[in-house]
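Please read the following alongside the sequence and the coordinates. The text begins with a single residue and then moves through the chain as a whole, its core, its rings and its cysteines.

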Amino acid sequence: MRYELLILAALGLPAAAQAADGYVSGAGNLNCRSLQQDMQQQKLTDGEFQQWLLGYFSGTNVSHSLRSRRGVAVTTGATVLPGQLAEMVMGKCGQQPDLQISKAADEVYFELRQLNR
């Protein structure tokens, strides 16, 4: 069991390092202005964006949980509906249209984390 956990931790850490350095795929590569245009032109649906956000939050939670010395599950954003998460991220976009979506999601993530949500 410990061997399996070590492998999982080793696999998770490079991914976390890549995310910290800005390696993000999907909607997170877009800036706010581009995302809004893609959604208006129906190149990306609300549901697809919400699914990307859920994946981003899940991956970030797993990364933080793996790096936690306490071994506690991190559940930031779990009590917030996907549509609400999307609204919160898009709220960041209204303030900064050139902001990368992954950065806007990070801001929302850490705000929710401070609130223990």
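Is threonine 79 buried or exposed? Threonine 79 is exposed, because its relative accessible area is 60% and the cut-off for that class is over 50%. Threonine 79 sits in the loop that runs between helix 3 and helix 4. Along the chain, 33 residues separate threonine 79 from leucine 112, while their C-alpha atoms lie 9.8 Å from each other.

The model is a predicted one, and its confidence should be considered before any detail. The mean pLDDT over the chain is 81, and 79% of the residues reach at least 70. Residues 1-21 remain under 50 in pLDDT. For that segment the model has seven contacts beyond four places in sequence. Predicted coordinates should not be read in detail where pLDDT is low.

As for the fold, five helices and zero strands make up the elements of the chain. Read from the N terminus, their order is α-α-α-α-α. The chain has 117 residues, of which 32% count as buried. Among contacts in the chain with a separation of 6 or more, 70% are between residues 24 or more positions apart. The exposed area of the chain is about 7600 Å², and 53% of this comes from carbon and sulfur atoms.

Next, the interior. The largest nonpolar core holds 25 residues. Leu35, Phe49, Trp52, Leu53, Val89 and Ile101 are the members with the most contacts inside this core. At least two core residues come from each of helix 2, helix 3, helix 4 and helix 5. Helix 5 gives the largest share, with six residues. Phenylalanine 49 shows how such a member is surrounded: setting aside neighbours within four places in sequence, its contacts are Ala27, Leu35, Met39, Leu44, Ala86, Val89, Met90 and Ile101. Three of the names just listed, Leu35, Val89 and Ile101, are also among the core residues with the most contacts.

The aromatic rings can be followed separately. Three aromatic pairs turn up when the whole structure is searched. One of them joins phenylalanine 57 and tyrosine 109, with ring centres 5.3 Å apart and an angle of 65 degrees between the planes, an edge-to-face arrangement. This pair connects distant parts of the chain, since phenylalanine 57 belongs to helix 3 (residues 46-67) and tyrosine 109 to helix 5 (residues 101-114), with their positions 52 residues apart. Phenylalanine 57 and tyrosine 109 are both buried. Tyrosine 109 also pairs with phenylalanine 110: the centres are 5.1 Å apart and the planes meet at 85 degrees, so this pair is edge-to-face too. Through such ring pairs, Phe57, Tyr109 and Phe110 form a cluster. Why do tyrosine 109 and phenylalanine 110 fall into separate burial classes? Tyrosine 109 has 0% relative accessibility and therefore counts as buried. Phenylalanine 110 has a relative accessible area of 39%, so this residue is partly exposed.

A covalent link comes next. How many disulfides does the chain contain? The count is one. The bond runs from cysteine 32 to cysteine 93, with an S to S distance of 2.1 Å. The torsion about the S-S bond is -65 degrees, making the link of cysteine 32 and cysteine 93 left-handed. Because cysteine 32 is in helix 2 (residues 32-40) and cysteine 93 is in helix 4 (residues 82-95), the pair ties together parts of the chain 61 residues apart in sequence. Both ends are buried, as the limit is under 20%: cysteine 32 has 0% relative accessibility, and cysteine 93 has 2%.

Helix 4 also contains lysine 92. With a relative accessible area of 12%, lysine 92 is buried. Not counting residues up to four places away in sequence, lysine 92 touches Leu99, Ala104, Glu107, Val108 and Glu111.

Aspartate 46, by contrast, is exposed, with a relative accessible area of 51%. Aspartate 46 is located in helix 3. Between the C-alpha atoms of aspartate 46 and glycine 83 the distance is 8.2 Å, for a sequence separation of 37 residues.

Conventions:
Residues numbered from 1 in each chain as written. Predicted model: local features only at pLDDT ≥ 70, side-chain atom pairs only at ≥ 80, totals over all residues. Heavy atoms only, no water. Disulfide = S-S within 2.5 Å. Helix = DSSP H or I, 4+ residues; strand = E, 2+ residues; numbered from the N terminus. Buried < 20%, exposed > 50% of the residue type's maximum accessible area, 1.4 Å probe, protein only. Phe/Tyr/Trp six-rings, centres within 6.5 Å; stacked < 30°, edge-to-face > 60°. Core = buried A, V, L, I, M, F, W, Y, C linked by side-chain atoms within 4.5 Å. Contact = heavy atoms within 4.5 Å. pLDDT = per-residue confidence, 0-100. Areas by Shrake-Rupley, 256 points an atom, 1.4 Å probe, with all protein chains shown as cover.
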